[in-house]
Every structure is written in structure tokens, then in C-alpha cells.
Amino acid sequence: MDDRAVVERQLGRTPRAFLRVVRRCPFGAPAVTEQAPYDSAGEPFPTTYYLTCRHLVAAVSRLEAAGGIERWRATLDQDPELAASLAAATEEQRSLRRELAGGRVGQEGGASLELGIGGPSRPEKLKCLHAHVAFALARPGYELGERILAEVEPLWPDACCSLG
């Protein structure tokens with residue numbers, strides 16, 4: 001199985017800044033990919049871990065459409081432990097992006113290497129639940145992402161949504 005080809009089918013387009021698959025679904029298909037901080041043209045790609053499983057993408061989209069971003073922002077404001085989880089994951093994200101960049105900077109001079117999960121300059125203002133779920137699947141122990149992921153029912157479909 002050519003991971004890049006499967007990811008392209010999942011996304012319906014050529015993946016930008018694709019490095020590798022870091023998490024697979026129970027059926028063996030890519031579920032989360034790792035992206036380079038910059039694409040081949042030097043444009044920033046702020047989402048280090050990208051959710052590609054169609055089932056999970058749709059499920060998290062439903063959470064967002066139901067007000068999930070605003071609800072999780074409010075929860076972060078009221079839960080210091082959850083806010084600390086986001087802060088630690090944000091630092092891990094920044095460190096990982098600098099490591100993946102290997103000293104290179106893109107057209108923005110490296111500023112995007114300091115962005116939060118999914119690309120916000122103010123990580124506490126959640127932007128994309130998909131990115132937090134992908135981070136949790138790629139880096140177990142990220143409490144905020146794992147709590148968002150716990151709202152996905154079922155976690156995996158009965159049959160693969162990407163292969164076949």
C-alpha cells in the first residue's frame with residue numbers, strides 16, 4: 001500500500017508537506033499524517049499532525065458544527081488542568097516543528113514554527129478540533145485532544161472508509 005496515494009484519495013487532493021503516516025486505523029489505512037513545517041515552495045504548513053481518516057474527519061466536523069470549538073474554549077477557561085495540557089502540547093508542537101524544520105525557515109522567516117496546534121498564534125483560542133484530535137492520536141497523553149476524541153462515537157467505523 002502506497003501511503004501517499006491512500007492519503008491523496010482520502011483528501012481528494014495531493015497532500016502538501018506530507019512526511020509520513022504516524023497513526024493508522026484498525027484496518028491499516030492512514031489515519032494521521034505528519035507534515036513538514038513548510039511545503040516544497042517554502043510556504044508554511046502549520047498543521048504538524050493532519051487527520052486523514054474520512055470517518056474521523058466527518059465525526060470531528062460534526063462536533064465543530066455543533067459548537068464544539070466554543071464549548072471546548074469555555075472548558076479551557078474553567079479547567080486549569082486542561083489548560084495546562086494545552087500549554088504543554090503547544091510547547092511540544094513548537095519543539096517538534098523546529099526539529100522537523102532542521103534549521104530551515106520558510107518565506108515567513110520562521111515565525112510559523114512558533115504557532116500552536118493547528119496554526120493559531122493564540123493557542124488558547126482553539127481554531128480546529130481536527131488538529132487537536134490528530135495531535136492526541138499521534139502523541140498519546142495530550143489530555144485536551146483525548147477528551148475531544150472521546151466524544152467521537154464510534155471511534156472507528158465497522159469497515160474501512162479509505163481502503164477498498
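Biologist: Which residue takes a positive phi in the hairpin of β1 and β2?

Modeller: This is a predicted model, in which local features need pLDDT of at least 70, side-chain atom pairs count only at pLDDT 80 or more, and totals for chains, interfaces and linings use all residues. Residues are numbered from 1 along each chain as its sequence is written, and side-chain values use heavy atoms, without hydrogens and water. Strands are DSSP runs of E with at least two residues, while helices are runs of H or I with at least four, numbered from the N terminus. In this hairpin, 5 residues lie between the strands, and the one with a positive phi, near 95°, is Gly28.

Biologist: In what sense do β1 and β2 pair?

Modeller: Two strands pair if DSSP finds at least two bridges between them. Arg24 has Pro30 in β2 as its bridge partner. Over 5 bridges, β1 (residues 18-24) and β2 pair in a sense that is antiparallel.

Biologist: Which residue in β3 stands opposite Thr33?

Modeller: β2 and β3 pair in the antiparallel sense over 3 bridges. Opposite Thr33 in β3 stands Tyr50.

Biologist: Which element gives the most residues to the largest nonpolar core?

Modeller: A nonpolar core is a set of buried Ala, Val, Leu, Ile, Met, Phe, Trp, Tyr and Cys residues joined through side-chain atoms within 4.5 Å. Buried means under 20% relative accessible area, with a 1.4 Å probe and protein chains only. The core has 34 residues, and elements giving two or more include β2 (30-35) and α5 (129-138). With 8 residues, the element that gives the most is α5.

Biologist: How many residues of α5 are buried?

Modeller: The buried residues of α5 include Leu129, His130 and Phe135. The helix is largely enclosed by the rest of the structure, because the buried residues number 10 of the 10.

Methods:
Buried < 20%, exposed > 50% of the residue type's maximum accessible area, 1.4 Å probe, protein only.
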